[in-house]
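Got the viewer open and a cartoon on screen? Let's take a walk through this one, stop by stop.

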Amino acid sequence: MLAAIHRQQLIQLAKDSISYGLEQFKPIPVELDLLPTELVNYQATFVTLELHEQLRGCIGVLEAYRSLAVDIAENSYAAAFADPRFQPVSHDEIEQLSIHISILSEPEPLPIHSESELIAQLQTGVDGLILKDARHQATFLPSVWQSLTQPSEFVRQLKLKAGFPIDYWSDDIRAFRYTTESF
């Protein structure tokens, strides 16, 4: 768990990256040598933007390959300006945005042979889930449990998000679970 001060620094970094992006059309550069170790360690994150309690953008990565601070700066910018579901954030919206950060644990493979086995292993309200096969992949953060409270519906909707038919199952599907530290 990050200390409150580090959480505040990351939220401010996300805001700064979005503001910088409005003017410079790229994420804010991050000077890692000025940051505490906790913000330099490699972590995978998602940044979710809301406007008037409605989703306005959400971008992230599932595997850690860059420092936490850089990941937040990049994902904040991408959520604001590169989420294909939304128009880029405007100057008028920026002050009204609500920023939510999720830091992901390492994804853990789930040994499954059927959809019912997957559903039985899910921890409602706790697990984020990744489903993938050779051509498709999608994830739901643990926060999605707030709107999809039943494990069977959680899995079905994730299959649709991944581009699978709702009744699809294959021996090629792999599932991974993770948790998040969210603020």
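**Stop 1: the whole thing**

A word before you click: this is a predicted model. Start with everything shown as cartoon, and you should find six helices and eight strands. Followed along the sequence, they come in the pattern α-α-β-β-α-α-β-β-α-β-β-α-β-β. The radius of gyration is 17 Å, close to the 16 Å that the globule rule gives for 183 residues, so the protein is as compact as a globular protein of that length. If you want a box around the C-alpha trace, its spans along the principal axes are about 50 × 35 × 30 Å.

Now switch on a surface. About 9900 Å² is exposed, with carbon and sulfur atoms supplying 50% of that area. Of the 183 residues, 46% count as buried. If your viewer draws contacts, take those with a separation of 6 or more: residues 24 or more positions apart account for 69% of them.

**Stop 2: one four-stranded sheet**

Hide the surface and select S1, S2, S3 and S8. These make an open sheet in the order S2-S1-S3-S8, with antiparallel pairing. Why is one side of S2 and of S8 left without a neighbour in the sheet? Strand S2 (54–60) and strand S8 (180–182) stand at the edges, and each has a single partner strand. Neighbouring strands here are turned by 20° against each other on average, direction ignored.

Zoom in on S1 (residues 44–51) with S2: this antiparallel pair is joined by six bridges. Show sticks for Leu 51 and you'll see Gln 54 of S2 opposite. In the loop between S1 and S2, pick out His 52. Its phi is near 55°, a positive value in a residue other than glycine. Is His 52 buried or exposed? It has 58% relative accessibility, so His 52 counts as exposed.

**Stop 3: the helices on that sheet**

Keep the sheet and add residues 4–24. That's helix H1, lying across S1, strand S3 (97–104) and S8, at about 125° to S3. Then bring in residues 68–81, helix H3, which packs on the sheet and touches S1, S2 and S3. The direction of H3 makes about 35° with that of S1.

Stay with H1 for a moment. Its 21 residues reach 29 Å from first C-alpha to last, close to the 30 Å expected at 1.5 Å a residue. Colour by burial and look for His 6, Leu 10, Ile 11, Leu 13, Ala 14, Ser 17, Ile 18, Gly 21 and Leu 22, which are buried. As a reminder when you look down the axis, an α-helix has 3.6 residues a turn, so residues three or four places apart point the same way. What do the buried residues of H1 pack against? Helix H2 (37–40), S1, H3, helix H4 (91–94) and S3.

Step just past the end of H1 and select Phe 25, which has a positive phi of about 65°. Phe 25 sits in the loop between H1 and H2. With 65% relative accessibility, Phe 25 counts as exposed.

**Stop 4: the other four-stranded sheet**

Clear the selection and pick S4, S5, S6 and S7. This open sheet runs S4-S7-S5-S6, again with antiparallel pairing. Strand S4 (108–110) and S6 are the edge strands, each pairing on one side only. Neighbouring strands are turned by 25° against each other on average, direction ignored.

Centre on S5 (residues 128–132), where five of five residues are buried. Side chains in a regular strand alternate between the two faces of the sheet. For S5, Gly 128, Ile 130 and Lys 132 are on one side, Leu 129 and Leu 131 on the other, and both faces are covered.

Now look to either partner. S5 pairs with S7 (residues 174–178) in the antiparallel sense over five bridges; in S7, Tyr 178 is the bridge partner of Gly 128. Four bridges join S5 to S6 (residues 137–140), also antiparallel, and these two strands form a hairpin with four residues between them. Put Leu 129 in sticks: opposite stand Arg 177 in S7 and Phe 140 in S6.

For the last selection, add residues 151–162. This is helix H6, which lies across S5 and S6 and runs at about 140° to S6.

Key: Residues numbered from 1 in each chain as written. Predicted model: local features only at pLDDT ≥ 70, side-chain atom pairs only at ≥ 80, totals over all residues. Heavy atoms only, no water. Pairing = 2+ DSSP bridges. Axes fitted to C-alpha atoms, helices over the stretch in contact; angles between N-to-C directions. Contact = heavy atoms within 4.5 Å. Buried < 20%, exposed > 50% of the residue type's maximum accessible area, 1.4 Å probe, protein only. Rg over C-alpha atoms; globule rule 2.2 N^0.38 Å. Areas by Shrake-Rupley, 256 points an atom, 1.4 Å probe, with all protein chains shown as cover. Expected span 1.5 Å × (residues − 1).
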